[in-house]
Amino acid sequence: MGKVAVAAAVVGTAAVTAAVVLVVRHRMQNSGKWAKAMDIVKEFEEKCATPVSKLRQVADAMTVEMHAGLASDGGSKLKMLISYVDNLPTGDETGVFYALDLGGTNFRVLRVKLGEVDNVKKEFEEVSIPPNLMIGKCEDLFDFIAGELAKFVATEGENMQIPAGTQRELGFTFSFPVKQSSIAGGTLVRWTKGFNIEDAVGQDIVEELTKAMERVGLDMRVSALVNDTVGTLAGGRYSDPDVIAAVILGTGTNAAYVERANAIPKWQGLLPKSGEMVINMEWGNFRSSHLPLTEYDENLDSDSLNPGEQIYEKMISGMYLGEVVRLVLLKMAVEAEFFGDTVPSKLEKPFVLRTPDMSAMHHDATQDLRVVATKLKDILEISNTSLKMRKVIVELCEIVATRGARLSAAGILGILKKIGRDTVKEGEETQKSVIAMDGGLFEHYTKFKNAMQNTMNELLGEEVSKNIIIKLSNDGSGLGAALLAASHSQYREYTEST
């Protein structure tokens with residue numbers, strides 16, 4: 001009996017020892033995996049670093065590219081497109097004007113009355129484009145748009161009538177790549193955003209809309225063809241004469257600014273009376289060796305529809321921030337088993353983590369980060385995450401958003417440097433410089449906006465930053481198009497002289 005008891009005790013002890021060894025080994029493995037995951041985060045954070053010295057290099061590179069793009073077409077990654085807008089609204093415009101804002105699967109038609117006591121009276125409707133028209137024929141799309149515009153015109157109230165004997169005028173915001181030839185003319189270069197109407201490419205967009213309006217019996221003249229960024233600049237200038245640039249930070253990104261006409265070597269025509277010209281930078285295509293690119297940015301770019309293009313946009317705009325976070329989490333899941341033995345299948349799906357969801361996680365103020373847990377469960381089907389894991393995910397959102405915000409600020413500094421508004425000159429009266437901002441990323445992602453503003457202050461210093469104001473210009477592009485129709489109206493000189 002004694003021998004049996006001893007043997008049993010030995011076996012029992014061995015089993016306990018084996019179990020302890022397994023637990024210790026499991027803990028060591030988990031500890032090793034956690035360390036590996038933290039190494040991935042740390043390396044990513046280091047590669048994303050944006051010290052002031054690097055941001056100044058990015059700003060200088062932006063200024064250099066701006067000069068090159070103004071010197072010749074194709075001379076820079078920045079297109080620096082001449083908008084032909086040489087008269088920005090002054091705030092003195094009067095009359096009723098229309099706008100058509102086409103930049104995606106919906107378009108908006110607006111009617112504004114300028115010169116009222118309360119400044120602007122505005123009416124608008126939003127219309128969805130049937131999916132078949134996005135891939136059909138050019139004539140069909142513009143007939144549909146002209147028809148909807150005619151219906152909207154038919155709802156004019158008595159106080160929104162134009163003077164007898166005059167023609168209605170329209171500002172057309174068209175947010176697709178266009179080679180502009182005049183204030184009211186430009187040929188479509190290519191479609192984006194899910195449109196693919198082959199027979200429209202190479203056609204003058206204003207002519208196509210004008211023919212469609214004639215077909216539906218609508219007597220209306222297109223006075224200005226603009227993109228959304230130029231529209232935002234015009235809308236901003238109408239309410240504030242100190243607006244000198246506009247930046248869109250939404251799904252995509254772009255910037256436009258007011259340049260001296262004699263500082264545009266590629267401008268071939270007579271210099272405009274105003275001495276100014278609005279330049280549409282198409283800054284999303286900016287690229288520089290100083291940009292802090294990581295392996296995740298390179299993977300995102302190579303898998304995109306436009307590899308090698310829009311590199312700056314892919315680092316700072318709302319379309320891509322959430323995707324960068326997803327790619328880092330995927331590497332952590334694959335190489336460090338961050339979410340357990342198996343890689344969550346939803347995490348492998350490109351663009352499943354949208355920037356609004358990233359923002360919600362980043363702004364989670366609950367003690368146990370409940371919002372992060374809910375987003376992981378609902379979007380990625382990942383449950384049972386620890387608070388420690390959720391804190392790491394918030395940290396990743398912080399890294400990606402901060403890099404984007406700081407690089408955006410560097411881009412704005414590049415514009416200010418180009419037009420000499422980045423310093424205070426002794427003996428000269430200080431000028432206020434207002435940047436009109438539009439886009440959901442800037443408007444709704446508070447931590448992004450705050451980081452961008454703080455970075456501007458850091459780059460400019462206390463004295464200069466007092467005179468640089470970043471201001472939300474909501475719905476600037478639609479209103480801006482109507483205002484540009486007014487400032488480029490065929491009746492403008494007549495109304496000014498009466």
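How much area is buried between domain 1 and domain 2, and what share of it do carbon and sulfur atoms give? Some notes on that and a few other things, bearing in mind that this is a predicted model.

1. To answer the opening question: about 650 Å² is buried between domain 1 and domain 2, and carbon and sulfur atoms account for 58% of that area. On the domain 1 side, the residues losing the most area to domain 2 are Ile82, Met277 and Val278, which together make up 48% of what that side buries.

2. As for what the two parts are, the domain assignment makes domain 1 out of two segments, 51–82 and 240–473, with domain 2 covering 84–226. Their C-alpha centres sit 29 Å apart. Domain 1 puts 10 residues into the contact and domain 2 puts in eight residues.

3. On polar links across this boundary, I find zero salt bridges between domain 1 and domain 2. There are two residue pairs in polar contact between the domains, both at pLDDT 80 or more. Looking at which elements supply the domain 1 side, β1 (81–82) and β11 (276–280) are the ones that give two or more residues. Of the elements there, β11 gives the most, with three residues. By type, the domain 1 side that touches domain 2 splits into seven nonpolar residues, one polar and two charged.

4. Those strands also turn up in a sheet. It is an open one with six strands, ordered β1-β11-β10-β9-β12-β13, and its pairing is mixed. At the edges are β1 and β13 (468–472), each pairing on one side only. So if you trace the sheet from the domain contact, β11 comes right after β1 in the strand order.

5. Inside that sheet, have a look at β9 (residues 243–249) and β10 (residues 253–260): they run antiparallel and five bridges join them. For a spot to check by eye, Ala245 has Tyr257 of β10 as its bridge partner.

6. Salt bridges do exist elsewhere, as the whole structure has 26 of them. One worth clicking on is Glu337 with Lys33, where the closest N and O atoms are 2.8 Å apart. Lys33 belongs to helix α1 (residues 2–47) while Glu337 is in the loop between α8 (321–336) and α9 (355–362), so this pair ties together parts that are 304 residues apart in sequence.

Terms used:
Residues numbered from 1 in each chain as written. Predicted model: local features only at pLDDT ≥ 70, side-chain atom pairs only at ≥ 80, totals over all residues. Heavy atoms only, no water. Domains from an automatic or database assignment. Contact = heavy atoms within 4.5 Å. Buried area = accessible area lost by both parts, 1.4 Å probe. Salt bridge = Lys/Arg side-chain N within 4 Å of Asp/Glu carboxyl O. Polar contact = N/O pair within 3.5 Å; in protein donor to acceptor, adjacent residues only side chain to side chain. Helix = DSSP H or I, 4+ residues; strand = E, 2+ residues; numbered from the N terminus. Nonpolar A, V, L, I, M, F, W, Y, C, P; charged D, E, K, R; others polar. Pairing = 2+ DSSP bridges.
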